[in-house]
Amino acid sequence: MEEVLTVKANINENDLKALNSSFDNDYLGTWANLAKENIFFKETFNEILDESDKPHYKWFLGGKTNISYNCLDVHLKDKANKTALIFEDELGEAQTLTYKELHEKVVKFSAYLRDLGIRKGDRICIYMSLCPESIIAIQACLRIGAIHSVVFAGFSAHALRDRINELEAKLLITQNAFIRRNKKVELFKFAREALTENQSVTDLILFDRVTGDTELDEDTNALKKSLDIKIHKPIQDLLADKYADIQNLTTLEPEWLESNETSFILYTSGSTGKPKGIEHGTSGYILWAKLSTNWVFDLKDEDVYWCTADIGWITGHTYVTYGPLANGATQVIYEGAPNFPDKNQFWNLIEKYKVSIFYTAPTAIRAFEQWGLEHIEKHDLSSLRLLGSVGEPIGSETWKWFYENIGKSKCPIVDTWWQTETGGIMISTLPGVQTAKPGIAGPALPGIHAEISEDSLLHISKPWPSMLKGIYKNPERYKKAYWSLIEDSYLPGDLATIDEDSYICIGGRNDDVINISGHRLGTAEIETALAKHVSVLESAVVAIPHKIKGQGLVCFVVSNNNSGDLSNLLTAHIASEIGAHAKPERVIACAALPKTRSGKVMRRLLQDLAQGKDISGDISTLEDKSVLEAIKSRI
Ligand code: WT7
C-alpha cells in the first residue's frame, strides 16, 4: 500500500544490490572503504577489525579522527553559510545557527573548557534541555576528547548523582532552568541536590537559559553560595577581557582520538537494579551515525530534518547531535512539549520551517491521534516527504494513522529498530527501495547481520562499527548481558520473527525491561528504588499495556504503612529516585506476593492480575493460593 520515494533516493535498487554483494564478498573491506569515503581520518587506520579481545571488538584500529571535526569543520568549505540548527522553545523564541556560526561557538566553548583544565579522557556530565547550548557543549567535549555523558533533564537528582559518582565526573554542565509544559524546570536546583555526596566534581558550568526571572535568579544565587565547587558562567565570562583570546578564536585544533577511544557514555536500563553505562567509541560510531542517517532518511541538501528526540536519549545523540550534522543537514530542534503552547505546536513548526523529514516516536503519534484531526487539518504539511518512527513497536493501526493523516498517503515511513547499545539504526526499510509493511520494522540494513534464533531471539551475528565498546567499569556484565546465549552473537534482548522477504517484526522483550513512551526501564530498577522507602517491605513491578505510552507500570507492594496515602507517597518516591517518566499507573498494597515454594515471585500471575485478567497458566508451583485471592480483592 505504501509508495517508495518518488524522488531519486540516496540508495536505489542498484546501489543496494551492489552494497549487499560487496558486503557478501568482503565484509571488512566494504566497511573499510565506507570509512575511508565518509570519515575524515587525520591518520588512517592499520587494521579494520581486531577481534583478539572479543566481545570487545575494535574497529579501524590505529585510525585517528575527531567526531566534532567530522560534524562541523568538514562543512566549512562548502556549507559554511548553510543553516545547521533551527531552534525554538515553547515561548516561541527562535534562533538559527549556520555551520560556520555553530563551529565558532563550539571552538570557543572548547577553548573555555580547556581553560578550566578539562583534558582528554575527563568525564563530563551534561544535564541540560535540548537547546543550542547543549549541542554546543556536547560538540565541544568531543572536540577536546573529553568523555561526555548526557543525563536526561527529566531524571531526578538521585539518578544524576548516581551517574556522576560512577563516572567520577570532573565537571557538570547544566542550566538555571528551562520552560516545559509552561512550567519552570529548575535544573540547577536538582543539580545542586545531586552534588550533596559528591567526591569528584570540581567545577560546574551554568547556562542561564531562563533570563529576566528575579525569583529564579535569587534562588540560583542562594544555591550557588551553598556549593563549595567553582561555578562558571560562560555567557557572561566570555564577554570579559580575561577571555579576549577566546573571543577572537575561530579555529581550534581538535584532539585526534584513536578510533576506539571513548567518545561518550550513556546510561540505559537493564534487567538489574543498576543502569548500565553504555560506552561508545569514535570512528565506527560516527561512521554509522553518518551513513545510517544518509541511507535511512535519504537526506538531501535541501531537506529540513526534524527528529523530536531529546538529547538525553540515544536517538537525540545519533540522529540529532551527530548524524544530521555529519551529513551537513539543516535540522529543527524544539525544546518544549508537543502540546504546548497548544496541540498545534508540532504542525505549526512543520509548516513554518517546511520540514521534509519528520522522525518521532509511536507514543507521540498515539497522542496526536487522540488529540484529534482538527489540529492537523488546518496546517499545510505538504513539505513532508518522509516519516520515521522509533523506540517502541508502532503497531499497524498507528502506522496507518500516521501514514494517512500526517504523510497524507504519500510519504514512506521508516520504522527504525535499534537501541542505545547498537549506536545506530540496525533494522529499517530503505525508503527508495523497500516498501514498508505496516507495523513491521523491515530488513536489516546493508552490512548488518540480524538473525532470529529458533526461540525467537533477535541477534546480530557479526560485529558492526557502531557497536558499544562495553559497559563502563563492568566488562563482566557486558559479556553476560549481551554475549552469553548465542556464541559470538550480540543479543539485544528483543524477541522477533522474520518473514519470507527477510522483514523483521519486533515482538517485545526477552527480559524484565519495559518500554514506557519509548523509554527503557527495568522492573528491577523500580523495585530497587521502592526498596529504599521505609514503607516498603517487598515489591514486584510489572508492565501493563497503555493506550498512549505503549506500556505502563503497576507496582505491587507489601508495606508496613496502612495510611491509605501509600500510592501517592510511593509515586512521588519513584519520581524522586528515578524521574517523572517512571511514575507507575497504580500502586497496589498487598499483604504478600505470590511466590513459588523456592521463594521466587510469580510475576506472570501479577501481570494477569494487573490487567484485570483471569489467571492463566499453571499455578501448581504457587506456595500459597490464598495470596492471589487477597490481591484480587484489592484490585
Ligand atoms: C529498545 C531500545 C532506538 C532508540 C530509542 C530507544 C525498543 C526500539 C523499536 C522499533 C519496536 C523498538 C526495543 C529496543 N525499540 N525501536 N522500531 N520497534 N521496538 O533506545 O532506550 O536503547 O531502547 O527499544 O525493545 O531494544 P533504547
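**Close-ups of helix H11 and the ligand site**

**View 1. Helix H11 is mostly covered, with 14 of its 15 residues buried.** Buried here is under 20% relative accessible area, with a 1.4 Å probe and protein chains only. Helices are DSSP runs of H or I with at least four residues, strands are E runs of at least two, and both are numbered from the N terminus. This is a predicted model, so local features need pLDDT of at least 70 and side-chain atom pairs pLDDT 80 or more, while totals for chains, interfaces and linings use all residues. Residues are numbered from 1 along each chain as its sequence is written, and side-chain values use heavy atoms, leaving out hydrogens and water.

**View 2. H11 covers residues 283–297.** Its end C-alpha atoms sit 21 Å apart, which agrees with the 21 Å expected at 1.5 Å a residue; that expected span is 1.5 Å times one less than the number of residues. Right after H11 comes aspartate 298, with a positive phi near 50°.

**View 3. The ligand has 17 residues around it, each with a heavy atom within 4 Å.** Coming nearest are Thr416, Thr420, Asp494, Arg509 and Arg520. Helix H12 (314–326), strand S20 (413–416) and strand S25 (504–509) each chip in at least two residues of this shell.

**View 4. Polar contacts (here, pairs of N or O atoms within 3.5 Å) link ligand and protein at threonine 420, among other places.** There, a ligand oxygen is 2.5 Å from a side-chain N or O atom. A ligand nitrogen is 2.8 Å from a polar backbone atom of threonine 416.

Definitions and conventions
Buried < 20%, exposed > 50% of the residue type's maximum accessible area, 1.4 Å probe, protein only. Polar contact = N/O pair within 3.5 Å; in protein donor to acceptor, adjacent residues only side chain to side chain.
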